[in-house]
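I opened a fresh page for this one and jotted things down as I looked them up. Come along with me through the entries.

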Amino acid sequence: MRSEVVEPQGRFKITAPVDVGNTILPCLTAHFLEKYPKVELDILLTDRRVDFLDEQVDLAIRAGRLKDSSLIAKKAGEVVFKMYASPQYLKGHGMPRSIKDISQHMCIHFTSLAKEGWQLKKEKRSLTVPLPKKIVVNNIQLAQNLAIEGAGLAFLPSFLSASAVKSGTLKPILEQWTSTVAPLHFLYPAQKYVSPVVRAFIELSSEVLKKQFPFIGPKIGGV
């Protein structure tokens, strides 16, 4: 006898980092609510660690290496940081032609990255670029906006900057030099049965990520 398929419905609370929430999440939630209109969505954007039980969170989206946890993790893709600058900044200050040139430029530094500078790799080479001239910010969207306005070079996640590159407001710098690849995960509490809402959101979002955000990476996980 076939088990009855339960339609996802009811309250569903998601948490995500601010940068992910402002870029990826709108597209994912729009597709999800179009297909499952009986779900009541509650979104919490924060860069702090969230207590699932205390804050009644059903699912989290997290970028970067995961610490030991009792949570179940499903890989959603991979994220990489690259260097960008606006055309007007490059016109006034010149295009960096080598890694050594970076330290001569004003750099917009996101505080969650290494304090010593930008950690870059190219094939088997890796190095840390010191930033003697920098603007320090604690919000990745602000870092991108400063770069677009011509304040300096920025080290940004490619998924955040893809639309700006397409529109011509940002240009990639030394494209072969990137950060190490960081995974993007869906996280939810360990439980005997995965709720229909959590399962449906991960499955649908995985498909949307493949189609709408291919620059996140091809390694998409499921439940």
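**Entry 1: Leu-127**

I began with the surroundings of Leu-127: leaving aside neighbours within four places in sequence, I found this residue in contact with Ile-99, Trp-118, Gln-119, Leu-120 and Trp-177. A reminder to myself: this is a predicted model. Leu-127 belongs to strand 8, residues 125-129. Is Leu-127 exposed, partly exposed or buried? Its relative accessibility is 24%, so I put Leu-127 down as partly exposed; the cut-off for buried is under 20% and for exposed over 50%. I also checked one of the contact partners by C-alpha distance: Ile-99 is 28 residues away in sequence and 9.6 Å away in space.

**Entry 2: the whole chain**

Next I stepped back for an overview. I counted 7 helices and 12 strands in the protein chain. Its C-alpha trace spans about 70 × 35 × 30 Å along the principal axes. Of the 223 residues, 44% count as buried. The chain exposes about 12400 Å², and carbon and sulfur atoms supply 50% of that area.

I then looked at how far along the sequence the contacts reach. Taking contacts between residues at least 6 apart, I noted that 77% join residues at least 24 apart. For the charges, I have 30 positive and 20 negative, and their mean positions lie 8 Å apart.

**Entry 3: the five-stranded sheet**

In what order do the strands of the open sheet run? I read 2-1-3-12-4, 5 strands with mixed pairing. Strand 2 (39-45) and strand 4 (71-79) are the edge strands, each pairing on one side only. On average, neighbouring strands here are turned by 20 degrees against each other, direction ignored.

I followed one edge more carefully. Strand 4 pairs with strand 12 (residues 182-189) in the antiparallel sense, over 8 bridges. Within that pairing, Lys-74 stands opposite Phe-186 of strand 12.

What lies across the other part of the sheet? I found helix 2 (residues 25-35) across strand 1 (10-16), strand 2 and strand 3 (59-63), and this helix runs at about 170 degrees to strand 2.

**Entry 4: Pro-17**

I looked up Pro-17, which sits in the loop between strand 1 and helix 1. Pro-17 counts as buried because its relative accessible area is 11%, and the cut-off is under 20%. Which residues does Pro-17 touch, not counting those up to four places away in sequence? My list reads Leu-45, Thr-46, Asp-47, Ile-61 and Arg-62. I also took the C-alpha separation from Pro-17 to Phe-110: 14 Å, with their positions 93 residues apart along the chain.

**Entry 5: strand 6**

Phe-110 took me to strand 6 (residues 107-110), where both faces are covered. Cys-107 and His-109 are buried on one side, Ile-108 and Phe-110 on the other.

Strand 6 has parallel pairings to write down. With strand 9 (residues 134-137), 4 bridges join the two, and Cys-107 stands opposite Lys-134 there. With strand 10 (residues 153-157), the pairing is again parallel, over 2 bridges. In this case Cys-107 stands opposite Leu-153.

**Entry 6: helix 6**

Which residues of helix 6 (residues 158-167) are buried? I noted Ser-158, Phe-159, Leu-160, Ser-161 and Ala-164. Their cover includes helix 1 (18-23), strand 4, strand 5 (81-85), helix 5 (140-148) and strand 10. After helix 6 comes Gly-168, with a positive phi near 90 degrees.

**Entry 7: positive phi in non-glycines**

I finished the backbone check with Gln-56 and Glu-123. Gln-56 is not a glycine, yet its phi is positive at about 55 degrees. I found Gln-56 in the loop between strand 2 and strand 3, and with a relative accessible area of 53% it counts as exposed.

Glu-123 also has a positive phi, near 55 degrees, in a residue other than glycine. Its place is the loop between strand 7 (118-122) and strand 8. Is Glu-123 buried or exposed? Exposed, because its relative accessible area is 72%.

**Entry 8: Gly-92**

My last look-up was Gly-92, in helix 3 (residues 87-93). Gly-92 counts as exposed, at 59% relative accessibility. Its C-alpha atom lies 9.3 Å from that of Gly-150, 58 residues apart along the chain.

Terms used: Residues numbered from 1 in each chain as written. Predicted model: local features only at pLDDT ≥ 70, side-chain atom pairs only at ≥ 80, totals over all residues. Heavy atoms only, no water. Pairing = 2+ DSSP bridges. Axes fitted to C-alpha atoms, helices over the stretch in contact; angles between N-to-C directions. Contact = heavy atoms within 4.5 Å. Buried < 20%, exposed > 50% of the residue type's maximum accessible area, 1.4 Å probe, protein only. Areas by Shrake-Rupley, 256 points an atom, 1.4 Å probe, with all protein chains shown as cover. Lys, Arg positive; Asp, Glu negative; His and termini not counted. Charge placed at Lys NZ, Arg CZ, Asp CG, Glu CD.
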